[in-house]
Amino acid sequence: MSKRSLEASVAVRVPFARVQELVPRNAAFCAEWLRLLGRALVRLEHRLVALSERPVEARIAAFLGDEARASGVPHLRGVAIQTMFTHQEIANYVG
């Protein structure tokens, strides 16, 4: 699934060999790396549960909930998701 940034962003690709060097030498880097990995694992676990145990409607609701938590903004009626997703992107997520 492609992601779109809501504001100016910089993406950095760090070679794994470099990560292996930085983790034992830099506690702040290590903590951030673990935080990011943990978030990715939680998202993956939620997605696997959604794909294996829920009907399509519940998977779509889970997708919208995940996006609202990740990038939603407060709105009078709840939370607004400002990213525009194509049908294909949503279909890729819900399987």
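The questions and answers below concern salt bridges, aromatic pairs and surface features in a predicted model.

User: How many salt bridges does a search of the whole structure find?
Analyst: Side chains of opposite charge can pair when their charged atoms come close. One such bridge joins E21 with R18, another joins R35 with E32, and R69 meets D66 in a further one. The number found in a search of the whole structure is three.

User: What is the distance between the closest N and O atoms in the salt bridge of E21 with R18?
Analyst: E21 and R18 sit three residues apart in helix α1, which covers residues 16-25, and about one helical turn therefore separates them. E21 is partly exposed at a relative accessible area of 36%, and R18 is likewise classed as partly exposed, at 38%. Between their closest N and O atoms the distance is 2.8 Å.

User: Which helix holds both R35 and E32?
Analyst: The side chains of R35 and E32 form a salt bridge with an N to O distance of 2.5 Å. R35 is partly exposed, its relative accessible area being 38%, and E32 is partly exposed as well, with 34%. The two residues are three places apart, about one helical turn, and the helix that holds them, residues 27-53, is α2.

User: Is R69 buried or exposed?
Analyst: R69 shares helix α3 (residues 56-71) with D66, three residues away and about one turn of the helix along, and their side chains meet in a salt bridge of 2.7 Å, N to O. D66 is among the residues of α3 that are buried. For R69 the relative accessibility is 63%, and since the cut-off for the class is over 50%, R69 counts as exposed.

User: How far apart are the end C-alpha atoms of α3?
Analyst: Helix α3 has 16 residues, and at 1.5 Å a residue these should span 22 Å. The separation in the model agrees with that expectation, because the end C-alpha atoms lie apart by 22 Å.

User: Which arrangement do the rings of F29 and W33 adopt?
Analyst: The structure holds two aromatic pairs. In the pair of F29 and W33, the ring centres are 6.0 Å apart and the planes meet at 15°. Both residues lie in helix α2, four residues apart and about one turn of the helix from each other. Planes under 30 degrees apart meet the criterion, so the pair is stacked.

User: Which arrangement do the rings of F63 and F85 adopt?
Analyst: This pair links distant parts of the chain, with F63 in helix α3 and F85 in the loop between β2 and α4, 22 residues apart. F63 is buried at 1% relative accessibility, and F85 is buried with a relative accessible area of 19%. Their ring centres are 5.0 Å apart and their planes stand at 75°, so the pair is edge-to-face.

User: With which residues is F29 in contact, leaving aside its neighbours within four places in sequence?
Analyst: F29 is found in helix α2 and is partly exposed, with a relative accessible area of 22%. Once the neighbours within four places in sequence are set aside, the residues in contact with F29 are V19, L22 and V23.

User: What is the area of the nonpolar surface patch made by V10, V12 and V14?
Analyst: V14 belongs to the segment before α1, and its relative accessible area of 36% makes V14 partly exposed. Together with V10 and V12, V14 makes a nonpolar surface patch whose area is about 310 Å².

Technical notes: Residues are numbered from 1 along each chain as its sequence is written. This is a predicted model: local features need pLDDT of at least 70, side-chain atom pairs count only at pLDDT 80 or more; totals for chains, interfaces and linings use all residues. Side-chain values use heavy atoms; hydrogens and water are left out. A salt bridge is a side-chain nitrogen of Lys or Arg within 4 Å of a carboxyl oxygen of Asp or Glu. Buried means under 20% relative accessible area, exposed over 50%, partly exposed in between (1.4 Å probe, protein chains only). The expected span of a helix is 1.5 Å times one less than its number of residues. Patches are made of residues with over 30% relative accessible area and no salt bridge: like charges are joined within 9 Å, nonpolar side chains (Val, Leu, Ile, Met, Phe, Trp, Tyr) within 5 Å. Accessible areas come from the Shrake-Rupley method with a 1.4 Å probe; for residues, only the protein chains shown count as cover. Contact means heavy atoms within 4.5 Å. Rings of Phe, Tyr and Trp (its six-membered ring) pair if their centres lie within 6.5 Å; planes under 30 degrees apart count as stacked, over 60 as edge-to-face and the rest as tilted.
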